[in-house]
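Grab your viewer and work through these exercises in order. Each one sets a task and then walks through a solution.

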Amino acid sequence: MTNHWLDLQHAKVFLIAGSNAAENHVMSMKWVMKAKEKGAKVIHVDPRYTRTSSIADVYARIRPGADIGYLGAIISHLIQNKLYDADYVATHTNALLLIKDEFAFEGGLFSGYNEAEHKYDAASWGYVLDPTTKTPLRAENLDDPRCVFQRLARHFARYTLEEGERISGIPAATIRLIAETMAANRPGTIMYALGMTQHTTGVQGIRCYPIIQLLLGNIGVAGGGVNALRGEPNVQGACDMSVLFNYFAGYTAQPDSDLPTLEDYAKKYGTFRARFVVNALKAWFGDAATPANDFGYGMLMKKRAGASYTAFQMIEEAHRGNLKLLYVLGQNPMVSQPNLSLVHEGLSKLDMLVVQDLWDTETAAFWKRPGCDPAAIKTEVLLLPASYFMEKEGTITGSGRLVQWRDRAVQPPGEAREDIEILDALFKRVRALYKGSVQDKDQALLQAVWAYDGPSKAEEVLKEISGKNLKTGDLLGGIAELQGDGTTSSGSWIYAGVFKAGKNLARRRDNKTDPSGLGIYPGFAWTWPGNMHILYNRASADRSGKPFPHVKPVVWWDDAKKEWAGHDTPDVPVKTDGPETENGQRPFRMTAEGLGRLFAAPYKHPDAKAKEAGKDLPRDSSGVLVDGPLPEFYEPVESPVANPMHPKVQVNPALKYPRIPGRQPLGTTGAFPFVLCTASMTEHWCAGSVTRNVPWLNELVPEPWCEISEKLAAEQGIRSGDLVKVSSARGAVTVKASVTNRMQPLVVDGKQIHVVWMPYNWGFKGLSPGPSTNYLTIDAGDPNTGCQETKACLVNVQRVGPMVS
């Protein structure tokens, strides 16, 4: 979240899309309802009418996977009707920067496309640079046809309200109402979840949100922002610590094999980000990380350049025989991953599978899946009994980046151990096996600093993450103290200062003191980075540093004290650099441009200090998405209609699928005429490993089902409670039907489209076993993230018999 949970109360309008917040992020609705009491409007976009829809002022039913269609129409409507905030756009975004003349978009493809490789060369997407300063040239006004703003306007001009309806199924009048409601009620916020991410165009769909919010001046302000509602309680914290395969600690880029030295890394990503890598290396390798050895950068394993290491590719590598051991912690891929038949085949080809979990899950027991022959499976399986969240101490980081400490409530039962105890013991035993090795590949293991032997291992780890001044031995106070010369350390730079002056700030619980009245409560726990609650808050003030008149003041330039001040930690590069300086005009300081990016151009900002030292290195680098600098609509891989925007480019052109011929089949409308959308639910959590072992939750919802509209039920001769076979190109399951008005057919490009819905939380283990919906779903994924397209695939639904008690 760019903002935080309590900040939702300041919004005047909500666009909730790809999220059933009322059921899956329940606490968010406390603040949404507070805002509604003050007159805020709620817009909900979802294929299914839910509890969130029931509190909405505007409900829009959408075809799964068609979000860019209606969002593109909103962007176009805002621009064509001058409903954008021209001052904010010109001041705080890259709208005025000039784009190269050779940039083009034609027939569904951006310039630089290589069809054979499904890959773009992004060189033509760049800015026009000043030949002397190597910085982007700026237009005098937003009317210059070469500038970002006009490129944006021309690109989305094709997305008329009628075209948005033709793609998404949302009536043109409703799209207009959404756009004008958002424009008339500022600040407004956007809330989204997996309904947006789980598509092969997920990242570009989400990119539409900051474009809309930047146009409306809604980023960096109280009540604004783009707010991702994270799933499990510590998903945010796990991602912060580099669980994502393509990110290093603190969302710096993971080193690739084509970047063998730290200077190579800095050339690609900038000295600004290389500094954070140096601090992580010092935290990991201590005295073994020196300037002479690139601070141990050479000891890091490098990701193969261009390779994807998602959970899906891991299974595929196991299927190919290349992955020998898989260690699964707190996940249950034999329920939660798509195309489960392929998952089972991959697990069956491992030499060893280690599962660290509370229960004997479907993954740990995959070899006992009904219908398979255990004798034919060679995989050795080890189950390590882990502890529940109430049985261990440590931090948990929620969607709003709030880092909270939790003490242990009870001891783990039996032989169960805390995760940190298991990993600590495992690391020490493995390192002992490599003692004395002189091979380069073993040095990271042997040289790592590993001394978490205090009374609280978790607090020792948090101190290391927070960071230390290695000259004085003092714990760091914040990010500004991080140096790039090896004199400081921080395991994850965004957490620098969470353990400050010997105090674990995540333990703080002052929920009474809120001087601003904005719901910031600066003494309650700690929010990364730097206890900042609203990211990019410099953008809440104008060019001179004064808060915009229509927003609640958050930060401002204090001319008397000659520093940035405010109710929140100012999001500025240097606190004392005023509005007249370059740093004072970098409201989006985590981009190389320092500006909000309406157009995602490749750009490297020069590092003047490096140049003085005789090195041609960028200070920072803005990368690109692999599928284009602007969002463009493409159909899901399995779609019931042809792409109405460009029929010759049906799906995302950067997508490579199938990846394993014969094991990733594609369905067609002839055999599978309906669209399946899947999701989680209130009563069962994700793969259900915990909740399906809770009797009262099983009483509430004992089994999965398929929701279908009354019209589809009539066409198929189905009544509520009947058993239906739901099938796709990948598999079939038999469940009960629920005939409901929550589902309704849509008209898309003149064709009636039926959408059905199923929860995915069941498997063959636990107190309440049931068919797994993910035998049906497709494992095609977004080419940027690999996130699977489980919100849209083709199925058939057929009655197979009456309800069985």
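**Exercise 1: a small sheet and what follows it**

In which order do the three strands β13, β14 and β19 form an open sheet, and is the pairing parallel or antiparallel? Then follow the chain past β19 and look for odd backbone geometry.

Solution. One thing to keep in mind throughout: this is a predicted model.

Step 1. The strand order is β13-β14-β19, and the pairing is antiparallel.

Step 2. Next, the edges. β13 (394-397) and β19 (526-527) each have a single partner strand, so one side of each has no neighbour in the sheet.

Step 3. Zoom in on the contact between β14 (residues 402-406) and β19: two bridges join them. Valine 403 has tryptophan 526 of β19 as its bridge partner.

Step 4. Now walk into the loop between β19 and β20 (555-558), where proline 529 lies. The peptide bond leading from tryptophan 528 to proline 529 is cis, with omega near -10°. The ring of tryptophan 528 also has company: arginine 401 lies over its face, 5.8 Å from the ring centre.

Step 5. Asparagine 531 is found in that loop between β19 and β20 too. Its phi is positive, about 60°, although it is not a glycine. With a relative accessible area of 13%, asparagine 531 falls under the 20% cut-off, so it is buried.

Why flag these spots at all? Most residues other than glycine have a negative phi, and most peptide bonds are trans.

**Exercise 2: more backbone outliers**

Find where serine 242 lies and where proline 658 is found, then describe the backbone at each.

Solution.

Step 1. Serine 242 sits in the loop between α11 (235-240) and α12. Not being a glycine, it still takes a positive phi of about 80°. Its relative accessibility is 23%, so serine 242 counts as partly exposed.

Step 2. For proline 658, go to the loop between β23 and β24 (674-679). The bond from tyrosine 657 to proline 658 is cis, with omega near 0°.

**Exercise 3: helix α13 and its stacked ring**

Is α13 mostly covered or not, and what covers its buried residues? Once you have that, track down the ring partner of phenylalanine 276.

Solution.

Step 1. Check the helix span. α13 (residues 271-285) has 15 residues and reaches 20 Å from its first C-alpha to its last, close to the 21 Å expected.

Step 2. Count the burial: twelve of the 15 residues are buried, so by the under-20% cut-off the helix is mostly covered. Among the buried ones are Phe272, Arg273, Phe276, Lys282 and Phe285.

Step 3. Look at what does the covering. The list includes α12 (262-269), α18 (443-447), α19 (457-466), β16 (488-489) and β23 (618-622).

Step 4. Look just past the helix end: glycine 286 has a positive phi of about 55°.

Step 5. On to the rings. The count of aromatic pairs comes to 28. In one of them, phenylalanine 276 and tryptophan 493 have ring centres 4.0 Å apart and planes at 5°, so the pair is stacked. Tryptophan 493 lies in the loop between β16 and β17 (499-500) and phenylalanine 276 in α13, so the pair ties together parts 217 residues apart in sequence. Both residues are buried.

Step 6. Set that beside another stacked pair, phenylalanine 427 and tryptophan 450, at 3.8 Å centre to centre and 10° between the planes. Phenylalanine 427 is in helix α17 (residues 419-433) and tryptophan 450 in the loop between α18 and α19, so this pair joins parts 23 residues apart in sequence. Phenylalanine 427 counts as buried at 15% relative accessibility, whereas tryptophan 450 is partly exposed at 26%.

**Exercise 4: the parallel sheet**

In what order do the five strands of the open parallel sheet run, and which strands stand at its edges?

Solution.

Step 1. The order reads β3-β2-β1-β8-β9.

Step 2. β3 (58-60) and β9 (226-228) are at the edges with a single partner strand each, so each has one side left without a neighbour in the sheet. From one strand to the next, the twist averages 15°.

Step 3. Take one pairing: three bridges join β2 (residues 41-45) to β3, and isoleucine 43 has valine 58 as its bridge partner.

Step 4. Add the helix. α10 (residues 202-215) lies across β1 (13-17), β8 (188-192) and β9, and runs at about 175° to β8.

Note on methods:
Residues are numbered from 1 along each chain as its sequence is written. This is a predicted model: local features need pLDDT of at least 70, side-chain atom pairs count only at pLDDT 80 or more; totals for chains, interfaces and linings use all residues. Side-chain values use heavy atoms; hydrogens and water are left out. Helices (H or I, at least four residues) and strands (E, at least two) are DSSP runs, numbered from the N terminus. The expected span of a helix is 1.5 Å times one less than its number of residues. Buried means under 20% relative accessible area, exposed over 50%, partly exposed in between (1.4 Å probe, protein chains only). Contact means heavy atoms within 4.5 Å. Rings of Phe, Tyr and Trp (its six-membered ring) pair if their centres lie within 6.5 Å; planes under 30 degrees apart count as stacked, over 60 as edge-to-face and the rest as tilted. A charge sits over a ring if NZ of Lys or CZ of Arg is within 6 Å of the ring centre and within 35 degrees of the ring normal. Two strands pair if DSSP finds at least two bridges between them. Axes are lines fitted to C-alpha atoms, for helices over the stretch in contact, and angles run from 0 to 180 degrees between N-to-C directions.
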